[in-house]
Amino acid sequence: MAPPKEGRPNLRRIAALALAGALSAVAAPTAGATPLTLHAVNTRGVDQASLVTIPAGTTFTDANGRITVDVQPGDTLRVTRGGLAPEGAGIPYTVPSPVPSGPVTVTLDALAATVAPAI
């Protein structure tokens, strides 16, 4: 790499390299990671779109409450519908060893029925 013409660092190149490094660290699966499929439902058995906190950060399920994430035995995941939901920060699920090969169901409390008076 040739030195910058004006004697100052090439900020575009530094930013591009920093971004590439950060993305590769997030996108690269952890050594020994195994896929785990979670299914979030409420106590009535209704699929619940949810936020899932994994060791790498927070992601979300599809509209049917399903997600597949790479985990290792001992990882703790948290499933919630948001900070104001009854489960607050989330229902914890600790990944057993060996990692289950089939879907794992996490059950969230059903929300109270909404009553709308007739007009």
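Which residue in β5 is the bridge partner of Val52? Val79 is. The points below place that pair in its sheet.

1. **Status of the model.** This is a predicted model. Please read every point below with that in mind.

2. **Overall make-up.** The protein has one helix and seven strands. The helix leads: from the N terminus on, the order is α-β-β-β-β-β-β-β.

3. **Burial and surface.** The protein has 119 residues, and 24% of them count as buried. Its accessible surface comes to about 8200 Å². Carbon and sulfur atoms account for 61% of that surface.

4. **Contacts along the sequence.** Take the contacts between residues at least 6 apart in sequence. Of these, 54% join residues at least 24 apart.

5. **The four-stranded sheet.** Four strands make an open sheet in the order β3-β2-β5-β6. The pairing is antiparallel. At the edges are β3, residues 57-60, and β6, residues 91-94. Each of these two pairs on one side only. On average, neighbouring strands of the sheet are turned by 25° against each other, direction ignored.

6. **β2 with β3.** These two strands form a hairpin, with two residues between them. Four bridges hold the antiparallel pair. Within it, Leu51 stands opposite Phe60 of β3.

7. **β2 with β5.** Here the pairing is again antiparallel, over three bridges. This is where the opening question belongs: Val52 has Val79 of β5 as its bridge partner.

8. **β5 with β6.** Strand β5 covers residues 76-80 and runs antiparallel to β6. Four bridges join the two. Val79 appears here too, with Ile91 of β6 as its bridge partner. Follow the bridges across the sheet: Val52 leads to Val79 in β5, and Val79 leads to Ile91 in β6.

9. **The two faces of β2.** Which residues of β2 lie on its covered face, and which on its uncovered one? Val52 and Ile54 are on the covered face. Leu51 and Thr53 are on the uncovered face. In a regular strand, side chains alternate between the two faces of the sheet. Strand β2 spans residues 51-54. Two of the residues already met fall on opposite sides of this division: Val52 is on the covered face and Leu51 on the uncovered one. Val52 is the residue bridged to Val79 in β5, while Leu51 is the one opposite Phe60 in β3.

Definitions and conventions: Residues numbered from 1 in each chain as written. Predicted model: local features only at pLDDT ≥ 70, side-chain atom pairs only at ≥ 80, totals over all residues. Heavy atoms only, no water. Buried < 20%, exposed > 50% of the residue type's maximum accessible area, 1.4 Å probe, protein only. Contact = heavy atoms within 4.5 Å. Areas by Shrake-Rupley, 256 points an atom, 1.4 Å probe, with all protein chains shown as cover. Pairing = 2+ DSSP bridges. Axes fitted to C-alpha atoms, helices over the stretch in contact; angles between N-to-C directions.
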